[in-house]
Amino acid sequence: MSQLTLTPKISEKAIGLAEQSIFVFEVPTSTNKIEVAKAVEKAFKVKVAAVNMVIAKGKLKRYRQIFGRQTDTKKAYVKLKSGKIELFEGAK
């Protein structure tokens, strides 16, 4: 397994979910739930209960007559059994 990059998403919704021990990460589009769960457990020394994934389609953009699309992003909602992630504590 290659090194998986977990980018935490800091927003009002993510902070609200962090109080319920659900943490939001932006992950590469090629990853799956099992890889994300293992990476979070290894990186933050916590136990993962469940992982839900969401693919956000890129927005359609236009510059003069040229149309383009932003890249798709994938978010992982990670629910913890025990422990907490300190990255989300300072954002309150």
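**Arg-69 and its setting**

Arg-69 is exposed, because its relative accessible area of 55% lies above the 50% cut-off. The model is predicted. Arg-69 belongs to strand S5, which covers residues 66-69. Its side chain makes a polar contact with the backbone of Gly-58.

**Around Arg-69**

- The side chain of Arg-69 comes to 2.6 Å from the backbone oxygen of Gly-58.
- Beyond its neighbours within four places in sequence, Arg-69 touches Gly-58, Lys-59 and Leu-60.
- Ala-37 lies 32 residues from Arg-69 along the chain, and their C-alpha atoms are 30 Å apart.

**Fold of the chain**

- The protein chain has two helices and six strands.
- Their order along the sequence is β-α-β-α-β-β-β-β.
- The C-alpha trace spans about 50 × 35 × 20 Å along its principal axes.
- Among contacts with a separation of 6 or more, 59% join residues 24 or more positions apart.

**Surface and burial**

- The protein chain has 92 residues, and 29% of them count as buried.
- About 6600 Å² of the protein chain is exposed.
- Carbon and sulfur atoms supply 51% of that exposed area.

**Charge**

- The protein chain carries 19 positive and 8 negative charges.
- The mean position of the positive charges is 7 Å from that of the negative charges.

Key: Residues numbered from 1 in each chain as written. Predicted model: local features only at pLDDT ≥ 70, side-chain atom pairs only at ≥ 80, totals over all residues. Heavy atoms only, no water. Helix = DSSP H or I, 4+ residues; strand = E, 2+ residues; numbered from the N terminus. Buried < 20%, exposed > 50% of the residue type's maximum accessible area, 1.4 Å probe, protein only. Contact = heavy atoms within 4.5 Å. Areas by Shrake-Rupley, 256 points an atom, 1.4 Å probe, with all protein chains shown as cover. Lys, Arg positive; Asp, Glu negative; His and termini not counted. Charge placed at Lys NZ, Arg CZ, Asp CG, Glu CD. Polar contact = N/O pair within 3.5 Å; in protein donor to acceptor, adjacent residues only side chain to side chain.
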